[in-house]
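User: Could you walk me through this model, beginning with the ligand site and then moving on to the strands?

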Amino acid sequence: MNKHIREGDEDINWFRAASPYINAHRGKTLVVALPGSWLRSDLLPTLTHDLTLLSHLGLRLVLCFGLRAQVDDQLAIKQEHSDIVDGRRVTDSKALETIISAAGIARNDMEARLSMGLPNTPMSGARLAVTSGNYVTAQPFGVHGGVDFQHTGSVREVHSTAIEAILNAGHMVLLPPLGYSLTGEVFNVTVAEVATECAIALGADKLAFFVDSLPNDEKGAPIRQASSRRIERLLSNQGPNDDSQTELNTILKHAVKACLQNVERVHLLESDDPTALLREFYTRDGSGTMITMDRWEHLRPASITDVGGIIELIAPLQESGTLVTRSKEDLELDIEHFVVSERDGMVVACAAIYLEPESATAEFACIVTHPDYRGAGRADQLLAHLEERARELNCTTARILSTHTGHWFVARGYTQTSPQELPSVRRDSYNEQRNSKIYSKRLDVKSV
Ligand SMILES: CC(C)(COP(=O)(O)OP(=O)(O)OC[C@H]1O[C@@H](n2cnc3c(N)ncnc32)[C@H](O)[C@@H]1OP(=O)(O)O)[C@@H](O)C(=O)NCCC(=O)NCCS
């Protein structure tokens with residue numbers, strides 16, 4: 001046995017593996033939406049430890065909590081009831097009173113938990129300052145489908161400057177599912193809406209929702225990573241909602257909205273998993289579903305009319321030997337593999353994707369940006385787009401062959417492999433004379 005392997009080394013290795021994520025997330029703003037059921041779950045102590053840990057690792061935290069379960073219970077005790085219509089409570093005066101009282105209790109409970117610091121606990125010496133306040137302005141949700149939602153509101157404005165100041169002071173911000181109107185009224189707002197609007201107003205880097213189950217794709221397989229555009233497509237292809245999906249769909253719609261309004265990443269985490277939060281942010285495989293902002297609006301699949309533009313773009317690189325030579329005829333035959341980035345009617349960047357289903361691999365080729373348009377993230381967007389496309393087509397690995405641009409791919413998570421590692425079908429067509437270097441990346445793990 002190697003004398004240098006000791007007990008506890010696994011933990012050390014885990015810690016080392018987490019370091020890129022620790023660096024990547026430091027200083028980032030995370031908004032978390034916690035359903036009311038969580039506040040009375042056995043997992044709450046673990047979650048408060050984890051939130052404290054995230055704060056000490058440099059994340060700026062806003063915790064939004066819901067109260068649906070608490071309010072239902074309180075209303076049942078009083079033998080009262082209020083309807084939930086399309087995911088929103090119809091809040092009459094009695095329900096509002098119950099919500100305000102439950103919000104006070106929940107806030108005190110969270111503040112107490114986040115003040116814990118007993119020796120020999122994970123919270124030892126870890127006091128976290130928590131601030132709550134009137135940071136959400138709401139307006140009446142109104143009458144929908146003939147139903148008057150009364151004291152139910154929707155978010156009108158989030159006072160992001162005030163929240164920023166608190167986050168900058170190192171405090172955590174705690175937001176109840178309530179909003180206040182300019183006329184001094186209190187409104188009941190859903191936790192998903194408060195969290196989404198808050199993330200948008202802050203330009204948060206991340207928004208996390210706890211959900212009962214993760215979304216599945218059209219074939220029923222869990223989605224680990226998807227662009228907001230793919231989620232939008234998934235939602236629009238669904239038949240009439242069955243009830244179990246309504247809540248998840250509401251959250252997915254909020255996720256899409258957040259991504260469309262510049263929240264970089266939305267994470268869905270499973271409610272019954274005590275490790276979900278830390279695994280999602282600090283391990284390579286993550287734990288939940290990550291939905292990412294679509295940054296490639298100007299990209300489109302190439303058509304036969306783009307062949308001339310692509311030839312103009314790649315000709316100098318073919319002459320210099322940077323790219324493999326493709327004739328006009330080759331390009332015409334291959335055009336369906338290409339994606340182009342267009343500006344003022346001119347093809348300014350392109351890339352191609354070829355699938356190898358037997359090895360669940362997608363090979364990318366001909367990634368080019370016109371010299372006048374380089375350095376603006378165009379190739380980055382093309383690559384992200386191709387990776388997303390490959391994931392949708394169930395590829396677990398991306399491959400690229402390059403003679404000049406290896407470092408560019410390495411900086412984007414690719415590692416060099418040898419020609420011997422190519423599957424035999426691809427090895428046969430590998431051009432030994434060109435001696436391209438081969439780079440690959442796993443697509444089924446989350447990027448930092
Ligand atoms: C590589 C290439 C596609 C990048 O296009 P781009 O749209 O400018 O890319 P982005 O804006 O997303 O990235 C630019 C960054 O990549 C860096 N970069 C460019 N070429 C690089 C290379 N060969 N190695 C390492 N980094 C490189 C730039 O310095 C810039 O870095 P910065 O963001 O720190 O300033 C472009 O330079 C090109 O067309 N090269 C020739 C074709 C080629 O080699 N394609 C790859 C093989 S298929």
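Analyst: What follows covers the ligand surroundings and then the strand pairing.

Analyst: This is a predicted model, in which local features need pLDDT of at least 70 and side-chain atom pairs count only at pLDDT 80 or more, while totals for chains, interfaces and linings use all residues. Residues are numbered from 1 along each chain as its sequence is written, and side-chain values use heavy atoms, with hydrogens and water left out.

User: Ok, how many residues surround the ligand, and which are the closest?

Analyst: The ligand is surrounded by 19 residues, counting a residue if one of its heavy atoms lies within 4 Å of the ligand; the closest are Ile367, Thr369, Gly375, Gly377 and Thr405.

User: And what is the mix of nonpolar, polar and charged in that shell?

Analyst: The shell divides into eight nonpolar, seven polar and four charged residues, where Ala, Val, Leu, Ile, Met, Phe, Trp, Tyr, Cys and Pro count as nonpolar, Asp, Glu, Lys and Arg as charged, and the others, Gly among them, as polar.

User: Which polar atoms lie by the ligand oxygens?

Analyst: Taking pairs of N or O atoms within 3.5 Å, a side-chain N or O atom of Thr405 is 2.4 Å from a ligand oxygen, a polar side-chain atom of Thr369 lies 2.8 Å from a ligand oxygen, and a polar backbone atom of Ala376 is 3.2 Å from a ligand oxygen.

User: Which elements give two or more residues to the shell?

Analyst: They are β20 (361-369), α13 (378-392) and α14 (406-410), with helices (H or I, at least four residues) and strands (E, at least two) taken as DSSP runs numbered from the N terminus. The largest share, four residues, comes from β20.

User: Switching to sheets, what is the strand order in the open one?

Analyst: The open sheet has eight strands in the order β5-β10-β2-β1-β13-β15-β16-β14, with mixed pairing, and two strands pair if DSSP finds at least two bridges between them. Its edge strands, β5 (130-131) and β14 (225-227), each pair on one side only.

User: In which sense do β1 and β13 pair?

Analyst: Strands β1 (residues 29-34) and β13 (residues 206-211) are parallel, over four bridges, and Leu30 stands opposite Lys206 in β13.

User: What about β18, which strands does it pair with?

Analyst: Strand β18 (residues 338-343) runs antiparallel to β17 (residues 299-301), joined by three bridges, with Pro301 opposite Val339. With β19 (residues 346-356), β18 pairs in the antiparallel sense over six bridges, and Ser341 has Ala349 in β19 as its bridge partner.

User: Where is the positive phi in that hairpin?

Analyst: Asp344 takes a positive phi near 50° in the hairpin of β18 and β19, which has two residues between the strands.

Methods:
A polar contact is a pair of N or O atoms within 3.5 Å; within protein, one must be able to donate a hydrogen and the other to accept it, and residues adjacent in sequence count only if both atoms are side-chain atoms.
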